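Open your viewer, switch to a cartoon view, and get ready to click along. Each stop tells you what to select and what you will find there.

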Amino acid sequence: YAKRFRLPVASIAFQSNARVLARESRNYVEHAKRVFMLRPEGGTNLSEAVSLASSMKPEKALIALLTDGLVDERDLKRFAEQSKANRVVAAVVTSDVKGVETVKTVGDTVQIFTVKPDSAGRTVVSSLKPLKNAEQH
């Protein structure tokens with residue numbers, strides 16, 4: 001999406017604390033490399049990540065959340081509020097049913113995907129339910 005519309009991207013990593021992983025740029029390969037190098041560790045502080053993302057004042061941007069879904073629902077709703085001025089998607093990278101169900105609570109405003117390996121070890125990305133207004137942002 002960002003590449004298709006030539007939008008700048010900023011990456012934020014969050015575990016116990018949120019931090020800027022890569023500053024705003026159109027270097028999509030560099031952002032992808034940094035994301036793929038991440039490893040899970042510690043807790044999930046989505047609240048701090050949403051605050052950090054909001055402070056960047058994105059507008060008409062793509063905001064993507066990669067999560068196991070095991071986050072506080074109030075923080076998830078704050079994340080979903082970013083869809084008022086932006087395109088917001090969430091990718092649940094887990095096979096944990098509870099994580100998927102938690103993220104589904106914002107499915108009316110956030111386009112949700114699941115990411116998991118198939119039996120051959122390939123990564124499969126599936127859309128849970130396309131939004132009616134997904135192309136508005």
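This tour goes from the start of the chain through the strands and helices and ends in the core. Keep in mind that you are looking at a predicted model.

**Stop 1: the start of the chain**

Select Arg-6, which sits in the segment before β1 (9-14). Arg-6 has a positive phi of about 55° although it is not a glycine. Is Arg-6 buried or exposed? With 53% relative accessibility, Arg-6 counts as exposed.

**Stop 2: a hairpin**

Now select β1 together with strand β2, residues 18-25. These two strands run antiparallel and are joined by five bridges. They form a hairpin, with three residues between them. To see one pair of partners, pick Phe-14 and find Ala-18 of β2 standing opposite.

**Stop 3: parallel neighbours**

Next, select β3 (62-67) and β4 (87-92). In which sense do β3 and β4 pair? They pair in the parallel sense, over six bridges. Click on Leu-66 and look across to Ala-91 in β4, which stands opposite.

Add strand β5, residues 111-117, to your selection. β4 and β5 run parallel too, joined by four bridges. Here Ala-90 stands opposite Ile-112 of β5.

Stay with β4 for a moment and show its side chains. How many of the six residues of β4 are buried? Six of the six are, so β4 is largely enclosed by the rest of the structure. Both of its faces are covered: Arg-87, Val-89 and Ala-91 are buried on one side, and Val-88, Ala-90 and Val-92 are buried on the other.

**Stop 4: one residue in β3**

Select Leu-62, which is found in strand β3. Leu-62 has a relative accessible area of 31% and is partly exposed; to be called buried, a residue must be under 20%. Show what surrounds Leu-62: leaving aside residues up to four places away in sequence, it touches Tyr-1, Ala-2, Leu-7, Arg-87 and Val-89. If your viewer can give distances, try Leu-62 and Lys-116: their C-alpha atoms are 22 Å apart in space, and the two residues are 54 residues apart in sequence.

**Stop 5: helix α3**

Follow the chain and select helix α3, residues 73-80. Together, β3, α3 and β4 make a right-handed β-α-β unit. Which residues of α3 are buried? They are Asp-75, Leu-76, Phe-79 and Ala-80. Turn the model until you look down the axis of α3: the buried residues fall within an arc of 145°, so they line one face of the helix. The elements covering these buried residues include α2 (46-55), β3, β4 and α4.

For a contrast, select Arg-74, also in helix α3. Arg-74 counts as exposed, at 64% relative accessibility. Its C-alpha atom is separated by 9.6 Å from that of Leu-46, a residue 28 residues apart from Arg-74 along the chain.

Then move on to Ser-83, in the loop between α3 and β4. Ser-83 is buried, with a relative accessible area of 13%. Show its side chain and you can see where it goes: the side chain of Ser-83 reaches the backbone oxygen of Ala-80 at 2.8 Å.

**Stop 6: helix α4**

Select helix α4, residues 97-104, where Gly-99, Val-100, Thr-102 and Val-103 are buried. Look down the axis of α4 as well: its buried residues fall within an arc of 160°, so they line one face of the helix. Where do Val-97 and Lys-98 sit? These exposed residues are on the face of α4 turned away from its buried side.

**Stop 7: into the core**

Finish by selecting Leu-46, Leu-65, Leu-76, Phe-79 and Val-110. These are the residues with the most contacts inside the largest nonpolar core, which has 19 residues. The elements giving two or more residues to this core are α2, β3, α3, β4 and α4. In soluble globular proteins, nonpolar side chains tend to be buried together.

For a last close-up, centre on Leu-65. What does Leu-65 touch, not counting residues up to four places away in sequence? Its contacts are Phe-14, Leu-46, Leu-76, Phe-79, Val-89, Ala-90 and Ala-91.

Note on methods. Residues numbered from 1 in each chain as written. Predicted model: local features only at pLDDT ≥ 70, side-chain atom pairs only at ≥ 80, totals over all residues. Heavy atoms only, no water. Buried < 20%, exposed > 50% of the residue type's maximum accessible area, 1.4 Å probe, protein only. Arc of directions from axis to C-beta. Contact = heavy atoms within 4.5 Å. Polar contact = N/O pair within 3.5 Å; in protein donor to acceptor, adjacent residues only side chain to side chain. Core = buried A, V, L, I, M, F, W, Y, C linked by side-chain atoms within 4.5 Å. Pairing = 2+ DSSP bridges. Right-handed = clockwise from strand over helix to strand, strands pointing away.
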